[in-house]
Amino acid sequence: MSNEDITLTAGDAEATVTPGNGGRVGSLKVGGVELLRQGAKFGCFPMTPWCGRIRDGRFQDGATVRQMPLNSPPHAIHGTARDGAWRTARADEREAVITHDLVAPWPHPGRVTQAFTLTEDALTLTMSVETHDSSFPAQIGWHPWFNRTLGGEGVQVGFTPAWQEERGADHLPTGRRIDPLPSPWDDCFGMPGGVDVTLTWPGRLELKVASREEWVVVYDEQEAAVCVEPQTGPPNGLNTHPRLVTPIEPLEASMTWSWRRL
């Protein structure tokens, strides 16, 4: 099938999936109000086969050290899937499935599948990375850009993490876990019971970001948007917290946004 945009609708909710632009959710409207920052680099993009930054773009792959392009010097950031084209496997009014084949500069063949399910009050995204060849370390995550305002007061971010990954001068975790610090953040937090973050636009909307994964990066240093990013490991995780994709065991993750009017 083609890589043309897919529009999902349920009640007064409408989501647009863009296979041709990195497999991202390009738009999510509730009652005609756009929740995601607009623009080719924004919306909500998939992060795989790694999340956040890899220190110096290098990671240990068995006995081999791999070098990824430094697209955020001096590091490599956010994986390769957001830069590639995806193809639609199937789509109807409320569900879509898209796929992406991992290619160079990633050194291993593999396939990424994303599924999107829209209901009147929730959008669920699932992603898997699989291989029928050699095993490799990988991560899965999503990077949504939520609009800071929906025409009223700025969004409030509510969550209770168990710890914060101390961030070094190079923007990567030092390996120390510290008590969570107040905003502003470009930081990774641990939530062992699963990611549970509530975004509240006072008087407008409450949206909950939930995932069974236990890592979340929160980025609120931009004026226009706030990012809440569930992922299967911390930044630089290919080196510090690798998850293995094997021919018999894919890496899978899911995330749900659910909302209610205020």
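**Salt bridges across the strands**

Let's begin with Arg176 and Glu166, whose side chains form a salt bridge with an N to O distance of 2.6 Å. Arg176 sits in strand S19 (residues 173-178) and Glu166 in strand S18 (residues 163-167), so this pair ties together parts that are 10 residues apart in sequence. Both partners turn out to be partly exposed: Arg176 has a relative accessible area of 48%, and Glu166 has 22%. Please keep in mind as you look around that this is a predicted model.

Stay with strand S18 for the next stop. Arg167 meets Asp187 in a salt bridge, at 2.9 Å from N to O. Here the link runs between distant parts of the chain, with Arg167 in strand S18 and Asp187 in strand S20 (residues 186-190), 20 residues apart. Is each partner buried or exposed? Arg167 is partly exposed at 30% relative accessible area, whereas Asp187, at 5%, counts as buried because the cut-off for buried is under 20%.

Now move to another pair, Arg261 and Asp12. Their salt bridge brings the closest N and O atoms to 2.4 Å apart. Arg261 belongs to strand S26 (residues 251-261), while Asp12 lies in the loop between strand S1 (6-10) and strand S2 (13-18), so the bridge ties together parts that are 249 residues apart in sequence. Arg261 is partly exposed, with 48% relative accessibility, and Asp12 is partly exposed too, with 40%.

What lets such partners come together? Side chains of opposite charge can pair when their charged atoms come close. If you would like to keep exploring, the structure holds 12 salt bridges.

How values were computed: Residues are numbered from 1 along each chain as its sequence is written. This is a predicted model: local features need pLDDT of at least 70, side-chain atom pairs count only at pLDDT 80 or more; totals for chains, interfaces and linings use all residues. Side-chain values use heavy atoms; hydrogens and water are left out. A salt bridge is a side-chain nitrogen of Lys or Arg within 4 Å of a carboxyl oxygen of Asp or Glu. Helices (H or I, at least four residues) and strands (E, at least two) are DSSP runs, numbered from the N terminus. Buried means under 20% relative accessible area, exposed over 50%, partly exposed in between (1.4 Å probe, protein chains only).
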